[in-house]
Structures are given as C-alpha cells and as structure tokens.
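Visitor: I would like a close look at one part of this structure, namely the aromatic residues of the second chain. Please take me through how they are arranged.

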Amino acid sequence: MSRDRCSATRYSSRAAVVALHMLACAVTLMFPAESYAFHPEAAPPVVGQVVDTSGAGVAGVAVSVEGSKRHTHTDSTGSFVLTGVARGPLTLSISDPAFEPVRRRVTREQRRVPVSIQVTRVEQNPYSVTVVSSRDSPQTASSKRISAREMTAAPRRNAEDILRQVPGMTLVQHGSEGKGHQFLLRGFDAIHGSDFEVTLDGLPINEWSNVHAQGYLDLGLIIPEAVSSVEVQKGPFTLTQGAFAMAGSADYRLGIVQSERGWRAAYTAGTTNRHRVFAGFSRKAAEDRDFLAFEATHDDGFGQNRGIDRMTFNGRLTLAKAPRFGELSLLAAGSYAAFELPGTLRNDDVEQGVVGFYDTYDETQQGQSGRALLALFHRLDRGRHNLSLHAYASYRDLRLRENFTGFVIDPENGDRRAQLQRTWPFGLSATYMLQLVKTLSLHTGLGLRVDQFGQTEHNVGRDLQVTGERRRLVGHQLIAHTKAGLQWQPARQIRVDVGARADVIHVGVTDKLARGSRGSGASVAVSPRATVQLQVVKSLGIFAAYGRGFRPPEARAYSTFDPGQAGLSEDVYDGGEPAVTVSDALEVGTRWRPVRWFDARLASFATLIARESVYDHVSGVSLELNGSRRLGGEVIISVRPLSWLQLSTDFTLVDARFTQSGNRVPFAPWLTGGGRVTITHRSGFRSGLRAIGFAPRPLPHGATGATQLRVDATLGYYYRWLRINLEVENVINRKLRDGEYHYASNFVPGQAASELPVLHTVAGPPVNARLTVGVVF
Amino acid sequence: MMSRIALAGASLFWLGCGVASEAPKVDLEVVVDDVGVAAFETNLGYRVELSGARVAVADLVFTVAGEVHTIALWQRASDILVPTAHAHPGHSQGGEVTGELPGGFVIDWANEGDRSLGTGTLIAGSYTAANFVLSSGTEELGVMPQDPLYGHTALIEGTAIKGQDTVNFTVVIDSPEGRELIGVPFEAEITASSTGTIGFRLEALDPIELDSLFADIDFVALDDDLDGNVVIETDVAAVEDAYNEIRRKLQTHDHFRFVYTE
C-alpha cells in the first residue's frame with residue numbers, strides 16, 4: 001500500500017515535472033531566446049521571498065546582489081529569483097522607500113534553499129502607501145491595503161466585514177450572515193456587487209448574471225483567518241481591475257501571517273448562540289505559502305430568522321517550485337451555508353408595534369449557498385521578465401426564498417419568490433512584465449472567463465406551493481480581455497503608469513419560458529487607465545489618476561423577456577440592444593507626512609456616467625437611467641503617538657446626482673465618517689475600537705434615511721501559543737438601521753393595499769459579543 | 001452646505017442613530033374635468049355633441065418617470081437597453097407609483113364637471129403619467145340593475161349631425177375585468193406645498209393628434225332603419241366594427257388626461 005502511495009507520489013511528481021517542462025517550452029517560445037539561454041556552467045539561482053512583519057509577501061521590492069549588477073523585483077507574492085549570480089556566498093540588498101533597507105548575508109549553504117527576508121515598514125501606518133514604485137500595481141491617493149493587524153482590530157463575522165475598515169465604504173446586510181452584502185462606496189449603490197469588483201488572489205468572484213443581482217458577491221468562500229491582506233482600490237484606475245470595478249475593487253490575498261503559522265485551532269462562543277470552530281495548519285517557514293484552513297459555524301443570529309450554519313475550507317499547496325520553471329501552486333476553496341433571511345420591515349409597522357425591530361414578517365425566508373473553487377497558479381521570474389499564469393474552475397449554487405413586498409403583487413398568494421442559480425465558471429489569465437530599460441517596463445496580459453449557467457425563479461404561495469414560474473434561463477457568458485501598459489519611473493520621485501485594457505463580451509441565452517427562444521450578443525469595452533505619483537518633497541506626495549470602469553450587460557438582457565411597461569411616459573425609450581455601462585473616473589490627491597508619527601491624506605474624486613444603469617431585482621435586468629455624476633473628497637488622518645498605539649479618523653463627502661434631474665443618487669450616503677483606535681502592545685495585550693457612521697441616506701422619492709453610528713470593539717491577549725479575543729458589536733447598542741429602502745408593500749394578505757412607497761428597514765445587530773479562545777503551535 | 005455638514009456631523013457622533021423621514025406627501029383634490037367633452041367634429045364631418053359620457057373607473061394612481069432614460073429621438077437608434085418594471089422595491093426606475101386615489105367611481109364627464117372624486121395622496125415629485133382601471137357599473141358604485149350602465153364599462157350618449165342628417169347614438173362599452181389603462185398623460189410638478197386640484201379629463205377629441213373617439217364612424221350608415229337612433233354595443237353584427245373601433249380607442253391612454261391646476 002505504501003509502495004503504491006510512493007508510486008503515486010512519484011507519478012504526481014513526474015507529472016508535475018512534465019507539466020512544468022511544457023510550461024517552460026511555452027515560455028521559451030514566448031520570451032526572447034537570449035533571455036532564457038541555458039548555461040550549464042551557471043550557478044544555481046538565488047530564490048527567496050520578501051515578507052513584511054505580518055508574514056505577507058511584499059510585491060515590487062528591489063532585490064540586488066551587492067558588488068554585482070544582478071537585480072530583480074519581487075512578484076505579487078513577494079517572491080524573487082536571481083539568476084546568473086556567481087557561486088559562493090553573497091549579500092542581498094533589499095531597497096524600497098516604504099521599508100527600512102535590509103542587507104542580508106547568504107552563505108553557500110543557505111543558497112540551496114529559498115531565502116526568507118523580512119522587511120519593516122518605515123512606519124506602521126494602516127493607511128500607509130508606497131509613495132514610490134510598487135512594481136506590482138500603481139498607487140493612487142486612495143489605495144489601501146488592509147493588513148492582518150487591522151483585520152484583527154475589529155470584529156469580523158465573515159470576509160465581508162473586513163471591508164468595513166475601508167474609509168468611506170458602507171456595507172449593508174439586508175439578509176442574514178449567509179447572504180451577500182450591499183456595497184456603498186463613493187456615491188455608488190453597488191447593490192450586491194454590480195459596481196464593486198472583488199477578486200481572490202486575482203480570481204474573479206463577482207457573479208456576472210446571478211438571478212438575484214448582477215455582480216452578486218458572496219464571500220462566504222473566504223475564511224477571514226486565511227486572509228493575509230486585502231488590497232482596496234477606489235475607482236477604476238489600474239489595469240488589473242476588470243468588470244464591475246466602477247466604484248472600486250478589492251483583492252483578497254490568502255495566506256497565513258507569520259505570527260499565526262503552525263498548527264492552529266480556535267473556538268468561538270457568542271451571545272447569539274454562536275459556536276464556531278476554526279482549525280488550520282501552515283508551515284512556519286516564512287517562504288512557505290502553503291496552508292490549510294477550515295471553519296464551521298452555527299449561529300442563531302440576533303432577532304428572528306437570522307440563523308446560519310456554514311462550513312468553509314481554504315487551502316493552498318505548492319505543487320512544484322524550481323528556479324528554472326518557477327512556482328506552481330494549487331488553491332482550493334469550498335463552502336456551504338444554509339441560512340435564514342429576515343427580509344425588511346415597514347417602519348410604520350415597527351412604530352405601531354405590529355412587529356419588533358429585529359423581527360420578520362415571514363419565517364419561511366431562507367437561503368442556501370454553495371461554492372467550490374480550484375485554481376492553479378504559476379509564476380516565473382527571470383531577470384527582466386516576469387510571467388504569471390492562473391487557471392481556475394468553479395461551481396456555484398445559490399438558492400433564495402424571500403418576500404420583500406408581502407402581498408402587493410399577489411394579494412392572495414403573496415409575493416414570495418424562490419430563486420435558483422447554478423453556475424460553472426472557469427477561466428485563465430496570463431500577465432507578463434518586461435523591464436525594457438531601467439526606467440521603463442511593459443506590462444501586458446490576456447485573460448478569458450467563461451460562465452455556463454442556469455437560473456430559475458418561481459412564485460411561491462403561502463403554503464410554499466409553486467404558483468407561477470417567472471424565469472427559466474440557461475446560457476453562457478464570456479469575457480476575454482487583453483491589456484497593455486507602460487510604467488515609467490525616471491526617478492525615485494516620479495512614477496507614471498499608462499495603459500488600456502480591452503474586454504470583449506459575448507452572451508448567449510436560451511429562454512425556456514419562451515419556448516426555448518435564443519438570444520445572443522457581443523460588445524466591447526475599451527478602458528484606458530493612467531496614474532501619476534510624484535514625491536514633491538520628502539514629506540509630500542501627489543497622486544493623480546484617471547480610469548474608465550465598466551459593467552457588462554446581464555444575461556437576461558439578451559433574452560426575449562419583456563417585463564412590460566407600466567406608467568411610463570412616451571418619451572421613455574422602451575427597448576434596444578444591451579450595452580456596456582461605463583464610468584469615467586478622476587482622482588487627485590496628496591499625502592502629507594511631516595513627521596514619522598503623523599500621516600494625512602486628502603483625495604478629491606469625480607465620476608461621470610453618461611448612461612447610468614441600475615440592476616432591477618424584480619425584472620432581473622438593468623434599467624437604463626439618465627446620466628449621473630459623483631463629486632467628492634475624502635480626508636484620512638492617522639497618528640501613531642506611541643509604538644503600540646494608533647489613532648485614525650476619516651471623512652468622505654460625496655455629492656452624487658443624476659445630471660438631468662439634479663436628484664441625488666439614492667441609497668449612497670453623502671457623508672461617511674469613521675474613527676479607529678488600535679492597540680497592539682508587546683505584552684500581548686491588544687484592543688481595537690471602531691466608530692463608523694454616516695449622515696442620512698437619500699432614498700427614492702425624496703425620503704431620507706436615519707443617521708447611523710456604529711461602535712465596535714475588540715479586546716484580546718496573545719501569549720505565546722494562546723490567543724484570547726473578545727469582539728463586541730454595536731457597543732452602544734443603538735438600533736442600527738443597516739438597510740433602508742422606500743417602496744410599496746403590504747404584509748396583510750387579502751387586503752387592498754396602498755401602492756405608495758413607504759420606509760422599510762433591515763435591522764443591524766444589537767449589542768452582542770463573541771469570545772474566541774485559540775491556540776497556535 | 002457647511003452648516004448641513006456640521007449638523008450631520010454633530011448628529012452622527014452625538015446623537016447616534018437618528019430618525020428616517022418619509023417622502024414629503026400632499027393631499028390634493030381630484031375633480032372631474034369636462035373640458036374634453038365639448039362638441040367636436042369627426043374626420044367624417046359629423047359634429048358630435050355628447051349628452052352623457054359615463055365611464056366606470058377605479059384605483060387612480062399617479063406615476064413618476066424617476067430617472068429612467070428619457071432620450072432624444074436621435075438616440076433611439078442607439079443600442080441602449082431600457083427594460084422597464086413595476087412594483088420594484090426602491091430603485092429609480094420609471095413608472096413608479098407615488099400618488100394614488102383608491103376606490104371605484106362612475107364618472108359622467110358630460111354632466112358632472114367639477115365633481116369631486118376625493119382626495120388623492122401624492123408624494124412630491126415630477127409626475128409624468130397616471131394609470132387607472134376600467135371597471136364596470138355595479139351597485140357598490142351606485143349603478144342599479146335597471147341602469148343601462150349596469151354591468152358595463154362605459155355608456156356614451158349624444159347626437160351626431162352631418163348636413164341635414166341627425167343621428168342620436170348610444171354606445172355601450174364592455175372592457176375585460178380589471179383592464180388597466182396605463183400611461184395616461186399627467187405632467188405636473190407636485191410639491192409638499194401644492195394646494196391645487198387634479199382634473200380628470202375624458203378627451204373625446206385627442207387635442208394632439210385630433211383623433212376623436214368616433215373617428216371613421218359613419219353614424220348615418222349605421223342607422224339601418226333610418227329612425228335617427230343608433231345603438232352601438234357588443235354582439236350586434238351590424239355595428240360590430242364601429243363597436244370595436246370605439247372600444248379600442250377608449251382603452252388607450254390617448255383619450256384621457258390628468259391636469260393639475262394650482
């Protein structure tokens with residue numbers, strides 16, 4: 001048996017070698033021959049990884065050999081390969097303006113294994129930005145990396161909660177923990193993700209044509225403890241940002257921070273009868289990025305009908321790693337959740353005591369969410385050349401049964417509906433960077449994403465019987481992109497990134513409800529992007545960025561479905577070919593850091609959308625609206641008076657309006673603010689306090705929401721292998737109106753109802769606490 | 001603006017969670033507007049005078065276009081998508097109902113000018129259209145069984161004169177149960193301080209296209225017995241075409257209008 005296993009292992013290794021060899025051949029064909037000429041007499045390359053104090057790989061850092069002209073830059077994972085280096089001991093020099101310089105002596109013996117080099121940021125500011133040159137991705141005034149340290153300083157039920165650390169971003173949970181959030185950023189109501197792109201190690205997560213909402217984001221696939229950092233980019237300014245990044249994007253990067261590596265287990269108990277177990281393993285070697293993580297959660301949730309049961313697995317395994325062929329790794333993730341959904345409540349019913357603030361009208365509302373993902377990553381760094389490839393395949397299953405309007409549409413059976421989405425996405429991508437000359441590099445890329453999907457929607461009666469079929473659609477959607485850009489860095493003080501990407505979109509659908517009628521179409525989006533970073537003086541940096549974001553049409557737009565026209569005046573266009581929605585965004589900002597412990601950032605931004613479109617939950621298509629524009633600014637101030645204490649505050653003001661009517665874009669807050677305190681003392685004591693809020697949201701028809709203030713806190717103690725952490729949400733126990741909406745509803749069956757819109761609320765959590773006890777060995 | 005920011009900031013950090021506010025609403029009287037039933041001439045040269053124009057309607061609702069793309073003609077050829085929807089929970093699609101006067105009514109436009117139908121409730125906004133249901137005469141609406149409108153949607157009576165010929169006509173229209181008539185013109189800027197009235201008008205002659213309810217109806221030709229009286233109703237072969245023509249027109253929004261008068 002063991003021999004068989006060994007054989008299998010050998011076979012796998014051989015297969016990996018063969019695969020790598022094929023890759024190498026492909027690379028040899030793609031790259032200039034002289035760059036990859038094999039020199040038998042050459043010494044083995046020096047391989048390693050540059051990591052920060054949290055253990056996360058640091059991209060774009062210059063690595064050079066002292067006394068030699070050999071140099072390279074770390075790739076997106078912080079890894080590097082130095083070829084053509086003479087045999088024997090050497091000294092590596094690490095230089096980057098954002099980090100303290102490091103010199104590292106490497107002996108002949110140490111060269112035989114990957115070298116791990118840790119760097120320390122010049123200052124540990126959570127809003128710190130690499131002012132000059134990050135080879136991986138350009139920076140703008142509002143770029144933000146959420147570090148592992150920041151993540152643990154605030155309560156997090158799930159991966160979405162990490163984004164609450166982003167200044168100016170508002171998250172709304174109008175279901176329960178298992179359903180996707182609503183994202184609000186810079187005057188955008190991105191609904192479930194239609195204007196906000198999320199990627200996982202570069203893999204697209206937005207569900208293009210989900211039956212519930214376009215661009216639907218459900219990050220239940222991601223275990224928060226397995227996230228090493230989140231790179232957030234407001235606005236569509238970098239070439240890596242793809243579909244849906246109209247308001248911005250976030251790239252979740254998986255990995256285990258250095259301090260948490262090893263065998264790891266944790267148990268969480270919460271006041272909402274929450275029980276959660278987490279287990280993980282990762283090798284302690286800094287250069288090793290492999291890990292396994294598993295979590296299982298049960299939570300009754302607060303109020304009524306917010307329970308959830310969930311299991312999630314994340315893991316990464318390096319399949320092969322060799323200097324000549326680079327690194328090949330496998331990422332696997334899977335999750336399944338069954339959850340209840342509370343729906344919305346009419347404000348007048350709550351005020352009159354018909355329902356409680358945390359209650360539900362319909363206890364049969366529920367959902368199930370499943371997702372599986374397998375991805376292969378390959379990267380190769382050869383001197384002036386850097387090649388990254390990834391390929392992935394996934395499966396998605398989402399079922400929702402909800403009722404937001406009660407008995408308005410069908411006074412007898414009710415408006416309850418059941419939705420089912422099944423998607424088989426797969427895709428691949430390649431990026432290639434060539435250092436043309438010392439000051440100029442070329443960045444190119446190709447990619448393909450294909451989704452095969454089926455979706456249904458049924459009316460469900462009071463006894464859960466199916467009373468009607470609203471949708472039965474199958475089809476495929478494809479988006480292929482190519483991108484090219486130049487990065488010019490004539491001096492340390494200036495960096496310019498200019499480029500463009502072109503996305504070709506094709507959708508084909510079959511409407512089973514319309515006797516199998518077929519529809520298809522294609523469109524193209526060309527998105528120029530440009531950023532400029534200028535370090536005027538040592539303490540002052542200036543940033544400027546322009547970019548075009550886009551959102552492809554949803555699949556149903558290509559079907560023969562016609563939701564009918566009700567009450568529209570005749571000057572409204574009532575049909576046409578589906579088209580891409582595009583936004584043009586501009587940002588200008590500055591960062592001022594007169595002393596090491598003080599950092600202030602100011603950014604102003606503008607976004608213009610000539611033809612706005614909003615995804616309509618009812619008809620399942622995008623509604624073409626008049627143009628809109630968003631003008632705003634944000635200020636972020638951070639101070640670090642003591643090495644273990646960090647304070648920050650931020651405000652974002654945005655004026656988002658439809659250009660023709662002058663009306664405010666509904667739902668998106670016009671003023672958001674936050675304050676954060678993070679304590680990380682060397683004694684092991686740590687704590688975080690976060691206050692985030694926003695001014696009354698503009699709602700449709702002239703209604704306005706309520707002012708919100710939410711205060712969360714954490715208190716923890718880390719001692720060698722012991723981890724104790726207390727998380728408290730809504731410390732001041734305000735009645736949080738997480739989601740606010742304005743539409744007609746009637747929750748009394750059989751009764752004639754007013755068609756006038758009224759206020760509805762989805763409650764945020766009342767004060768609740770979770771205690772986690774964990775160990776790391 | 002600054003004071004608003006300061007106020008919001010103060011409430012944000014000191015008051016915690018404030019109170020949401022409903023959209024500003026206003027109650028406006030809806031009255032019968034008889035301007036549209038004055039004597040008119042048809043395309044066949046008949047001068048028509050209406051002595052009765054009774055229609056059973058129900059559930060008046062007023063809609064705003066929201067931010068739905070209102071594009072120019074030259075843009076109509078372009079490839080944009082404007083699907084539409086109703087009863088959507090909260091986004092800015094057009095056709096959203098933001099005003100209403102529920103209930104059923106039998107309105108005689110020829111004899112009930114300025115009659116009050118009740119008080120409608122409207123959210124302040126830019127109105128573009130209205131919808132209502134074509135119902136039928138019932139006892140609940142005060143239509144007794146002996147009433148010729150009983151069980152029918154509309155009863156229109158009048159005189160058509162052409163040269164020396166005079167024809168007294170009666171038109172009885174039946175609409176499908178619950179037939180909703182959508183997109184009736186209603187151009188009005190309603191604010192929370194509006195105090196005017198909304199006139200509900202039957203326009204026997206479409207003032208824009210000059211197309212009348214009785215276009216192409218040759219009353220004399222329909223008067224087979226030459227007694228000067230014509231009854232146009234369903235299931236009568238001799239007047240079937242005329243009936244269908246009038247019924248079709250009555251069921252379009254071209255011959256109704258809501259007018260706001262301050």
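Guide: The model is a predicted one, and the chain in question, chain B, contains four helices and 12 strands, with buried residues making up 52% of its 262 residues. Of the contacts in chain B with a separation of 6 or more, 80% are between residues 24 or more positions apart, and the aromatic residues offer examples of links across the sequence. Over all chains the structure holds 27 aromatic pairs. In one of them, the rings of B:Tyr127 and B:Phe186 have centres 5.7 Å apart and planes at 50 degrees, so this pair is tilted. B:Tyr127 belongs to strand β6 (residues 125-134) of chain B and B:Phe186 to strand β9 (residues 179-190) of chain B, so that the pair links distant parts of the chain, 59 residues apart, and both B:Tyr127 and B:Phe186 are buried.

A tilted aromatic pair is also formed by B:Phe200 and B:Phe256, with 6.2 Å centre to centre and 40 degrees between the planes. Because B:Phe200 lies in strand β10 (residues 197-202) of chain B and B:Phe256 in strand β12 (residues 256-261) of chain B, this pair ties together parts that are 56 residues apart in sequence. B:Phe200 is buried, with a relative accessible area of 0%, and for B:Phe256, likewise buried, the relative accessible area is 0%.

These four residues, B:Tyr127, B:Phe186, B:Phe200 and B:Phe256, belong to one aromatic cluster, whose members also include B:Phe62, B:Trp109, B:Phe132 and B:Phe258. Chain B also has a ring with a charge over it: the charged end of B:Lys162 sits over the ring of B:Tyr46, 5.1 Å from its centre.

Definitions and conventions:
Residues are numbered from 1 along each chain as its sequence is written. Chains are lettered from A and ligands numbered from 1 in the order in which they are written. This is a predicted model: local features need pLDDT of at least 70, side-chain atom pairs count only at pLDDT 80 or more; totals for chains, interfaces and linings use all residues. Side-chain values use heavy atoms; hydrogens and water are left out. Helices (H or I, at least four residues) and strands (E, at least two) are DSSP runs, numbered from the N terminus. Buried means under 20% relative accessible area, exposed over 50%, partly exposed in between (1.4 Å probe, protein chains only). Contact means heavy atoms within 4.5 Å. Rings of Phe, Tyr and Trp (its six-membered ring) pair if their centres lie within 6.5 Å; planes under 30 degrees apart count as stacked, over 60 as edge-to-face and the rest as tilted. A charge sits over a ring if NZ of Lys or CZ of Arg is within 6 Å of the ring centre and within 35 degrees of the ring normal.
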